[in-house]
Amino acid sequence: MVTMQYPLETKDLSVTFNPGSADEVVAFSDITFTLKPDEILAIVGPSGCGKSTLFNVIAGLQPATAGEVFVNGTRVLDAKGQVGYMLQKDMLLPWRSVQDNVSLGLEIKGVAREERRAVADRLIAAYGLKGFEESKPGTLSGGMRQRVAFMRTLALNPDVILLDEPFSALDFQTRTLLQAEVLDIIAKQRKSAILVTHDIGEAVTMADRVMILSRRPGRIKQIVEIDLRRDERDPVKLRSNARYQDYFQLLWSELDI
Amino acid sequence: MSWSNLRYLPGQIGLALLIFGLWEGLVRAEVLSAHLYGYPSGIAAKVWGLLSTGELFKHAGVTAFAAILGFVLGSAIGSFAGLCLWLNETVAKIVRPFIVAINGVPKIAFAPLIIVWFGIGIESKIAIAAALTFIVSLIATYNGTLETDRDLLRLMRSLGATRLQAWRKVVIPAALPWMLSTLRLNVGFALIGAVVGEYISSQEGLGYLVYYSGVLYDLNGVWAGILALMVVALLMDRGVTELDRRLRW
């Protein structure tokens, strides 16, 4: 049987902490969804619904108690390099220059120095950090650091990008700017992405679909299609768009915070 | 101690002069016994005498050589071993109680053993200094590797890094500040090792000078030896500061 291959697909994912013991906690269960090509799917939920655990499982950083995650039809644990992720923490190596941070993944893959320099310099120039190639992360602002982290994610050219509240530590202006930039890059490079966030506005602004999780134990409560064109999705202009406000209200009431 | 901050130098010299002046005055007024405490002018004369015969340089040179060589060997091997322990958790768990046990004992207690094994020459002093600094570096560096940000290690894993790659690219640089900070502690430990070795048995070195001056109730000689040890310690500390400045990211 030939089945459609999705960039990312989960089947009956569950995570239970301390299974079988008295302090057994079900983080989430029966999470089944697909991520379509070129799509951004946001995952929102009340705090404590297991969003971060779900993210870690999808990223292959943590095993699930039951169920599977597939990336292009391969189990995520065997799909190293096809999934890139970006967290709230930029996780740049402070002893490495911007250039060497961006090319870290290529270095691990064994790409020759000249080639990875070229890839890194191209990304750095394209995303507005030209002149900072040799700078250490400690000398950069939070927004610049997050941009470097995003370039590091892109350097390996993954099909799927996983974002776990990557903008939440930034100030409003920087956040808005980066949201627009990341949205643009994901669209242009035809990546698929999952965005975990607690910011409903961010979910409506960036995602094509928003998956709402219930309180713990987290289950999929509803998946809302956000019918906004990519060219409408300017983070600032969108705020005065009536449909944006409707989606915002809908998600807010469904979240039962 | 900051060398560049000269603003406090007058105050520091003033404090030293005050202490030495008071000390000298109390000895001259025969409140303090010159015999039991020594006195600054006597110490100065002693230092001058030892300098003019070249004896002080000889003793200081012997002690500094033993301390520095022991320091380099112990710190280097200890740090490297500490880094390597991260690579294999099973080995680390097996050796951990032994390291803790050895670390709990005042390591100077091993000195007589080392003198029996390495003889009464400079080799045993180097070995004691090396043993002391080895264990300190080993523990501090291993603890440093355990402090590596787990998220960074997960990132490395997700980028497809092997454990060896994660070790080279993340664990070692992350542990570097720990290793460098330990070097400063090790200056003291290396000197303790060399001097204790000289106390136990030797014909030369600052430990020998201090010990025999003490036995002969030549308190000015004891103080002269202590002052020379301070100079050696400061110079070694200066060297470590320079190394730290070059290596720290």
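# A guided tour of chains A and B

Begin by selecting A:Lys11, which stands opposite A:Glu68 in strand E4 of chain A. The model on display is predicted. Now widen the selection to the two strands that surround this pair. Strand E1, residues 8-17 of chain A, is joined by 5 bridges to strand E4, residues 66-71 of chain A, and the two run antiparallel.

**The sheet of 4 strands in chain A**

Add the remaining members of this sheet. It is an open sheet of 4 strands in the order E2-E1-E4-E5, with antiparallel pairing. Strand E2 (25-35) and strand E5 of chain A stand at the edges with a single partner strand each, so one side of each has no neighbour in the sheet.

Colouring chain A by pLDDT is a useful step here. The average for chain A is 89, and 98% of its residues score at least 70. Among the elements of chain A, strand E5 (residues 74-75) has the lowest mean pLDDT, 87, while helix H2 (residues 98-102) has the highest, 96.

**The sheet of 6 strands in chain A**

Next, display the other sheet described in this tour. This open sheet of 6 strands follows the order E6-E7-E8-E3-E9-E10 in chain A, and its pairing is mixed. At its edges are strand E6 (83-87) and strand E10 (220-225) of chain A, each of which pairs on one side only. On average, neighbouring strands of this sheet are turned by 15° against each other, direction ignored.

Two helices can now be added to the view. Helix H5 of chain A, residues 142-155, packs on the sheet and touches E6 and strand E7 (160-164) of chain A. The direction of helix H5 makes about 170° with that of E6 of chain A. Helix H8 of chain A, residues 242-254, also packs on the sheet, where it touches E3, strand E9 (209-213) and E10 of chain A. The direction of this helix makes about 180° with that of E10 of chain A.

**Strand E8 and its partners**

Select residues 192-196 of chain A, which form strand E8. Which strands pair with it? Strand E3 (residues 40-44) of chain A runs parallel to E8 and is joined to it by 4 bridges; here A:Ile43 stands opposite A:Val196. Strand E7 of chain A pairs with E8 in the parallel sense as well, over 5 bridges. In that pairing, A:Val160 stands opposite A:Ser192.

Is strand E8 of chain A enclosed or open to its surroundings? As 5 of the 5 residues of E8 are buried, the strand is largely enclosed by the rest of the structure. In a regular strand, side chains alternate between the two faces of the sheet. Show the side chains of E8 in chain A: A:Ser192, A:Ile194 and A:Val196 point one way, and A:Ala193 and A:Leu195 point the other way. All of these residues are buried.

**Chain B**

Hide chain A and show chain B. The secondary structure of chain B consists of 11 helices and 0 strands. Along its principal axes, the C-alpha trace of chain B spans about 75 × 50 × 30 Å. Of the 249 residues of chain B, 39% count as buried. Among contacts in chain B with a separation of 6 or more, 76% are between residues 24 or more positions apart.

Colour residues 1-32 and 36-247 of chain B separately, since these ranges are domain 1 and domain 2. The C-alpha centres of the two domains lie 30 Å apart. Where they meet, 5 residues of domain 1 are in contact with 4 residues of domain 2. The side of domain 1 that touches domain 2 divides into 4 nonpolar residues, no polar residues and 1 charged residue.

**Where the chains meet**

Finally, restore chain A and turn to the contact between the chains. How many residues of each chain take part? There are 12 residues of chain B in contact with 15 residues of chain A. On the chain B side, helix H8 (150-158) and helix H9 (163-200) each supply at least two residues. Helix H8 of chain B gives the most, with 5 residues. The chain B side of this contact divides into 7 nonpolar, 3 polar and 2 charged residues.

How values were computed:
Residues numbered from 1 in each chain as written. Chains lettered and ligands numbered in written order. Predicted model: local features only at pLDDT ≥ 70, side-chain atom pairs only at ≥ 80, totals over all residues. Pairing = 2+ DSSP bridges. Axes fitted to C-alpha atoms, helices over the stretch in contact; angles between N-to-C directions. Contact = placed C-beta atoms within 7 Å. Nonpolar A, V, L, I, M, F, W, Y, C, P; charged D, E, K, R; others polar. Domains from an automatic or database assignment. pLDDT = per-residue confidence, 0-100. Buried ≥ 20, exposed ≤ 12 C-beta atoms within 10 Å, placed from the backbone.
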